[in-house]
Amino acid sequence: MAKTTPVRAGLRGKCFNCGEGSVFDGYLKLRSKCAVCGQDFGKGDTADGPAFFVMFAALILFAPFFFFLPLLDWPMWALVLGFLVLSALTLGFIMWALRPFKAVLLNLQLANRAEEAAFED
């Protein structure tokens, strides 16, 4: 088993522990454990983190085009076509980026043993 970083393994959708087993059982559904090394994935909970980061990245990358497109002196059919193409590109980027972002956040949580904050008495 080759050691890999949690980010590098997450970008490939693999387990941070062994770098070989997949963390996904479906498109975004996580496996309960790694099929290769047995790492328990149930301890990690990414919640809405991946969606937040992906949507923020999409906002930075695509929002300027949505604002500038209506300013162009194009015919209405070209503007509508432009909005449809831009919307499809945005949705495609979001769907493409969700899996690696989720895997990276899960791997970072598990590798660093992150858990919910608790107050000490």
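Me: Ala, Val, Leu, Ile, Met, Phe, Trp, Tyr, Cys and Pro count as nonpolar, Asp, Glu, Lys and Arg as charged, and the others, Gly among them, as polar. How many of each class line the largest pocket?

Reply: A pocket is an open set of 1 Å grid points, over the protein atoms alone, where a 1.4 Å probe fits, with protein on both sides within 12 Å along at least five of seven lines; lining residues have an atom within 4 Å of a point. Here the lining has four nonpolar, four polar and two charged residues. Among them are Phe16, Lys43 and Arg113. This model is predicted: local features need pLDDT of at least 70, side-chain atom pairs 80 or more, while totals for chains, interfaces and linings use all residues. Residues count from 1 along each chain, and side-chain values use heavy atoms, without hydrogens or water.

Me: How do helix 2 and helix 3 run relative to each other?

Reply: Angles over 145 degrees count as roughly antiparallel. Helix 2 and helix 3 are therefore roughly antiparallel. Their contact (heavy atoms within 4.5 Å) includes Phe53 and Leu61 of helix 2 and Phe93 and Leu98 of helix 3. By class, this contact has 20 nonpolar, three polar and one charged residues.

Technical notes
Angles under 35 degrees count as roughly parallel, over 145 as roughly antiparallel, 65 to 115 as roughly perpendicular and the rest as oblique. Helices (H or I, at least four residues) and strands (E, at least two) are DSSP runs, numbered from the N terminus.
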